[in-house]
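Here are some numbered remarks for a colleague who is opening this structure for the first time. Please keep the sequence and the view at hand while reading.

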Amino acid sequence: MLPQHCCDAGLLSFEAATPTRPVNRDLDQEVRYAMNPLPGDLFARRLRQERERLGISQAELARRMSVLLGTNLDATAITRIEQQTRAVRLDEAVTAAKALGIPLITLISDSYARENEAEIQNQLAELALAEQEWERLRQKIHRITRTVQQLSAEREGFRSHALDVNPETVGGYELDPETQAALDARMRDVRNKPAGEVPGPGS
């Protein structure tokens with residue numbers, strides 16, 4: 001019989017969330033359960049595997065979990081969890097993972113490594129596309145920046161010429177203050193960047 005604290009309201013167990021295995025099963029049922037283990041089966045097996053891989057005894061795991069939980073957890077509780085004669089509470093499952101220093105997902109998923117690798121591949125592919133897009137935008141920024149520089153130089157040339165010919169017309173070559181401020185800021189960024197590096201927006 002399970003300890004009373006395992007059945008308190010609000011406490012979740014992996015076994016409670018899954019159907020109970022039939023006592024008498026035919027061979028086909030055995031094969032299906034082997035191919036699609038219940039969450040409780042998987043957790044019990046993975047807990048033992050990870051504990052043994054790390055060279056941690058059941059008593060030591062119970063001690064570590066007791067510290068984290070702030071309660072006294074006997075080593076026999078770990079034995080019964082691994083043997084599936086005791087349901088594991090959700091907080092115990094989370095604490096067991098912490099005590100072993102591993103992500104909880106590794107205790108409840110056999111496909112975590114494959115899923116993790118697939119996600120890494122997806123992210124690398126997305127990163128490559130983002131880098132391609134950034135390179136396209138970088139070149140576009142570079143072209144626009146050079147055009148602004150050329151237009152600014154042309155305007156300054158016209159202004160200098162007007163100043164020599166008819167100083168009264170120089171005012172017509174003055175930029176709007178906001179436009180001038182934006183131009184000065186952008187050109188200052190260009191001058192402060194290493195050669196060939198394009199300043200980013202708001203840099």
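Leaving aside its neighbours within four places in sequence, with which residues is Ala96 in contact? The points below take up this question after a word on the model as a whole.

1. This is a predicted model, and its confidence should be looked at before anything else. The mean pLDDT of the protein chain is 78, with 72% of the residues reaching 70 or more. Among the elements, helix H3 (residues 58-69) has the highest mean pLDDT, at 96, whereas helix H1 (residues 27-35) has the lowest, at 50.

2. The beginning of the chain calls for caution, since pLDDT stays under 50 over residues 1-25, even though the model has 39 contacts beyond four places in sequence for this stretch. Where pLDDT is low, the predicted coordinates should not be read in detail.

3. As to the overall make-up, the protein chain has eight helices and zero strands, so that reading along the sequence gives the pattern α-α-α-α-α-α-α-α. Of the 203 residues in the chain, 25% are buried. Among the contacts with a separation of 6 or more, 56% are made by residues 24 or more positions apart.

4. To return to the opening question, Ala96 is in contact with Phe43, Leu47, Leu61 and Met65, when its neighbours within four places in sequence are left aside. Ala96 has its place in helix H5, and it counts as buried because its relative accessible area is 2%, which falls under the 20% cut-off for that class. From Ala96 to Leu107 there are eleven residues in sequence and 9.2 Å in space, taken C-alpha to C-alpha.

5. The residues just named reappear around an enclosed space. A search of the whole structure finds two cavities of 30 Å³ or more, and the second largest of them holds about 30 Å³ of space. Its lining consists of Phe43, Leu47, Leu61, Met65, Ile78, Ile81, Val88, Glu92 and Ala96. Helix H2 (39-53), H3, helix H4 (75-83) and helix H5 (90-100) each supply at least two residues of this lining, which by class has eight nonpolar, no polar and one charged residues.

6. A further link to the part of the chain around Ala96 is seen at Leu68, which is found in helix H3. Leu68 touches Thr95, Lys98 and Ala99, residues up to four places away in sequence not being counted. For the pair Leu68 and Thr95, the separation is 27 residues in sequence, while the C-alpha to C-alpha distance is 6.7 Å.

7. The loop between H4 and H5 contains Gln84, a residue other than glycine whose phi is positive, near 60 degrees. Most residues other than glycine have a negative phi, and a reviewer may therefore wish to look at this position. Is Gln84 buried or exposed? Gln84 is partly exposed, because its relative accessible area of 33% lies between the cut-offs of 20% and 50%.

8. Further along the chain, Thr145 is found in helix H7. Thr145 is buried because its relative accessible area, 11%, is under 20%. A polar atom of the Thr145 side chain lies 2.7 Å from the backbone oxygen of Ile141. Not counting residues up to four places away in sequence, Thr145 touches Met187 and Val190.

9. Which residues lie nearest the centre of the second largest pocket? They are Ser152, Glu156, Leu175, Gln180 and Leu183, out of eleven residues that line this pocket. The elements that give two or more residues to the lining are helix H7 (112-165) and helix H8 (177-192). The second largest pocket holds about 160 Å³ of space, and its lining has, by class, four nonpolar, two polar and five charged residues.

Note on methods: Residues are numbered from 1 along each chain as its sequence is written. This is a predicted model: local features need pLDDT of at least 70, side-chain atom pairs count only at pLDDT 80 or more; totals for chains, interfaces and linings use all residues. Side-chain values use heavy atoms; hydrogens and water are left out. pLDDT is the predictor's confidence in each residue, from 0 to 100. Helices (H or I, at least four residues) and strands (E, at least two) are DSSP runs, numbered from the N terminus. Contact means heavy atoms within 4.5 Å. On a 1 Å grid over the protein atoms alone, a cavity is a set of points where a 1.4 Å probe fits but cannot get out, and a pocket is an open set with protein on both sides within 12 Å along at least five of seven lines; lining residues have an atom within 4 Å of a point. Grid points are joined across faces, edges and corners, and a volume is the space filled by probe spheres set on the points. Ala, Val, Leu, Ile, Met, Phe, Trp, Tyr, Cys and Pro count as nonpolar, Asp, Glu, Lys and Arg as charged, and the others, Gly among them, as polar. Buried means under 20% relative accessible area, exposed over 50%, partly exposed in between (1.4 Å probe, protein chains only). A polar contact is a pair of N or O atoms within 3.5 Å; within protein, one must be able to donate a hydrogen and the other to accept it, and residues adjacent in sequence count only if both atoms are side-chain atoms.
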